[in-house]
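Biologist: I should like to examine how the descriptive terms applied to this model are justified. Please show me the structure, and we may begin with the ligand.

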Amino acid sequence: MARYYRGFNGHVPAYPGIEMTSVNVKHNPDRSARYVISAYQLKQLPEDEGFEVAFAGRSNAGKSSAINTLTDQKSLARTSKTPGRTQQIIIFDIDEDRRIADLPGYGYAKVPDKLKAHWRHVLQQYFQRRNSLRGVVLVMDIRHPMRPFDEQMLAWCEASGVPCHVLLTKADKLKRGPAQATLHAVRKSLPPVATAQVYSAKSRDGLEELIQRLNEWYELGPTG
Ligand SMILES: Nc1nc2c(ncn2[C@@H]2O[C@H](COP(=O)(O)OP(=O)(O)OP(=O)(O)O)[C@@H](O)[C@H]2O)c(=O)[nH]1
Ligand SMILES: [Mg+2]
């Protein structure tokens, strides 16, 4: 992928000849995402410059699946029925200034205590120190939202002034009424820096809204 957005001046050029079939997303810069590195420690991460958006959330919540739908690549991020699959910070480049970080899932009981302590420490440092962190997509299974670890993530975002967007995913598992009711309840309980939406990696419901939020954080302007 050429450095498409280098020198971006507020005008978003359309990708020639690419149209998504299932939803009307004309412009999705996240499609150019490429795997860069899996980091176990912060010092292994790429230079702390440009724009980084992190996907955080409990194990098995659907972070990697959300990234795959967003980037329109079936297996860019490894997904699994086995919780605790992503045990590294996995970085994808969108262009030379913009990245996605797939963070290790938290809250899975079978991950050894030593590893849990490692990630608690590394993630806390990541939130506090990563200057290029422009926003956090906090992924929650819509059937089990706002668990204690999620609250802790929100508190870290609030403390470090990083905007947070809650992705209530697996919405295909609920009917529309209960999904909307959960969305309203979650919105009410969020701190002012946070927003929320319904999403499904399976049906791609909510994809456009997510792309739009990321474009704002990446300073790419609206979709379309
Ligand atoms: N029905 C449905 N299933 C989903 C959706 N998103 C994820 N899943 C399933 O949920 C399981 C976990 O998804 P992952 O994307 O691997 O979850 P993760 O948050 O990356 O998990 P860890 O890497 O373990 O932290 C997989 O079996 C996915 O197929 C969704 O929107 N709808
Ligand atoms: Mg994962």
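Modeller: This is a predicted model. Around ligand 1 there are 23 residues, of which Gly62, Ser64, Ser65, Thr86 and Gly105 come nearest.

Biologist: What makes a residue count as near the ligand?

Modeller: Its C-beta atom, placed from the backbone, must lie within 6 Å of the molecule. Helix α1, residues 63-71, supplies three residues of the shell around ligand 1, the largest share.

Biologist: How do the residues of that shell divide into nonpolar, polar and charged?

Modeller: The shell around ligand 1 has 13 polar residues, seven charged and three nonpolar. Gly counts as polar in this division.

Biologist: Why is α2 called roughly parallel to α3?

Modeller: The axes of helix α2 (residues 113-129) and helix α3 (residues 148-160) cross at roughly 30° and come within 9 Å. Angles under 35 degrees count as roughly parallel, and therefore α2 is described as roughly parallel to α3. The crossing of α2 past α3 is right-handed.

Biologist: Which residues make the contact between these two helices?

Modeller: Helix α2 contributes Gln124, Phe127 and Gln128, while α3 contributes Trp156, Cys157 and Ser160. In this contact of α2 with α3, three residues are nonpolar, three are polar and none is charged.

Biologist: Let us turn to the sheet. What makes β1 and β7 its edge strands?

Modeller: The sheet is open and has seven strands in the order β1-β3-β4-β2-β5-β6-β7, with mixed pairing. Strands β1 (34-39) and β7 (194-198) each pair on one side only, and they are the edge strands. From one strand to the next, the twist averages 20°.

Biologist: How do you know that β2 and β5 are paired?

Modeller: Pairing requires at least two bridges. Six bridges join β2 (residues 51-57) to β5 (residues 133-141), so the pairing criterion is met. These two strands run parallel. Glycine 57, for instance, has valine 139 in β5 as its bridge partner.

Biologist: Which strands does helix α5 touch as it packs on the sheet?

Modeller: Helix α5 (residues 207-217) touches β2, β5, β6 (164-169) and β7, and its direction makes about 135° with that of β2.

Technical notes
Residues numbered from 1 in each chain as written. Chains lettered and ligands numbered in written order. Predicted model: local features only at pLDDT ≥ 70, side-chain atom pairs only at ≥ 80, totals over all residues. Helix = DSSP H or I, 4+ residues; strand = E, 2+ residues; numbered from the N terminus. Axes fitted to C-alpha atoms, helices over the stretch in contact; angles between N-to-C directions. Parallel < 35°, antiparallel > 145°, perpendicular 65-115°, else oblique. Left-handed = near helix turned anticlockwise from the far one by under 90°. Contact = placed C-beta atoms within 7 Å.
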